[in-house]
Amino acid sequence: MENRKKVFVSGCYDMLHSGHVAFFKEASQYGDLYVGIGSDSTIEGLKNRKTVYSEKERLYMVKAIKYVTDAFINPGSGMLDFLDTLDIVKPDVFVVNSDGGSDVKRKLCMERGIEYVELERVPDAGLDARSTTSLRQNVKCHIPYRVDLAGTWIDQPYVSEHGHGWALTVSIEPNHEFIERGGMSTSTRNAAKKIWPYELPNYNEEMLAKLLFCFENDPENKGHVSGAQDAIGICLSGLSRHYYDGHYWPSKIESCHDEDILAWLENHICLVEMFPRRDGCSVVENKDITPAKVKNLTSAADRCWDAIMARDLDAFAAAFRDSFEAQIAMFPAMMQPGVQEYIDNWKDQAMAWKMLGAGGGGHLALVVKEIPENAIRIKIRRRFT
């Protein structure tokens, strides 16, 4: 019986698709196919992101493909992480896609007496061409957004040193493409996407929030520190309140997952897009923080929480409105040109309103009896079950 040649290919295969299978099928025409797979650490080092599937999952899936004789996790690192695997397989043929070929690989094969073959990307009959890059661009990110309901700014120590209190946030599903610089904590969300490209892991939510907060706020950076309410509002499902007493991280966190309360909030809170906060806009310019003004902020947050727990719409609207008034009393630059016009346009349909986040533009959150057709509904993220 004629000995078949050994054929070797290597890659990440992180988002396994029909293009990979077609490549394996064509490569296997040259002999028995062996596959080297980039490790989790190699992919993170080369592409500066976490893998979608772990190396164990990728090894399992690649081995299950009928064109593959065997597969290995490459023990090396960098672009030539497969060198040790080559020594194990001792292939006769090294096959690469045309966009994965290189003079370095060609020279390596020449030195080792291995036949070097480059293949064009050709989809199998009746299938569309696939590449990991194109698929990744179309994958929807499920990282939540944050909506702050009351107590905004209390998470900054230069505010809470004048009076301690709660901030209230809800984590919402990304069912709408919200604008950047819009008070939805998009900068913190973008930081989260660097750690978890597609969705939050099913893990202790407070631990995820603290990890995200520390990741975004480099201790070597002497500039602005993003308030902890952003990371908490993204990572903690449901409705949460967090207590600030002069420190960056809250001393207490409480969450509500009562379905009746969350559904009630969804029916009485909606969002309206205004315009992104303008470049060069400083919402802290001319700030005026006093113990009395901070007391107004924290008192409104307390009343807001109590009203939500009681599902008292009138009390909720009053507290929501008072919280916003307390914010702009301390930070008048939040009311940038054009904001008041948007508020005026919605006064007849809303019981109360506030700008999200630091303000200066972005989105308005409205308290309403019924959601208007031209407003954005929110979907509060429920916790993993």
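Reader: What is the relative accessible area of Arg 106, and how should the value be read?

Author: The convention has three classes: buried means under 20% relative accessible area, exposed means over 50%, and partly exposed lies in between (1.4 Å probe, protein chains only). Arg 106 has a relative accessible area of 32%, so this residue is partly exposed. Asp 103, at 64%, is exposed. This is a predicted model, in which local features need pLDDT of at least 70 and side-chain atom pairs count only at pLDDT 80 or more, while totals for chains, interfaces and linings use all residues. Residues are numbered from 1 along each chain as its sequence is written, and side-chain values use heavy atoms, with hydrogens and water left out.

Reader: What joins the side chains of Arg 106 and Asp 103?

Author: Side chains of opposite charge can pair when their charged atoms come close. A salt bridge is counted when a side-chain nitrogen of Lys or Arg lies within 4 Å of a carboxyl oxygen of Asp or Glu. Arg 106 and Asp 103 form such a bridge, at 2.7 Å from N to O. Both residues belong to helix H5 (residues 103–112), 3 residues apart, or about one turn of the helix. Helices (H or I, at least four residues) and strands (E, at least two) are DSSP runs, numbered from the N terminus.

Reader: Which parts of the chain does the salt bridge of Lys 379 and Glu 266 link?

Author: In this bridge the closest N and O atoms are 4.0 Å apart. The pair links distant parts of the chain, 113 residues apart: Lys 379 follows strand S13 (376–377), and Glu 266 is in helix H11 (residues 259–266). Lys 379 is partly exposed at 38%, whereas Glu 266 is buried at 11%.

Reader: How many salt bridges are counted?

Author: The count is 20. Arg 146, Asp 148, Asp 230 and Lys 354 are linked in a network of them.

Reader: In what order do the strands of the open sheet lie?

Author: Strands of a sheet pair through backbone hydrogen bonds, either parallel or antiparallel. Two strands count as paired if DSSP finds at least two bridges between them. Here 4 strands form an open antiparallel sheet in the order S6-S7-S8-S9. Strands S6 (145–150) and S9 (252–256) are the edges, each pairing on one side only. S8 (residues 239–244) and S9 pair over 5 bridges, and Tyr 243 has Lys 252 in S9 as its bridge partner.
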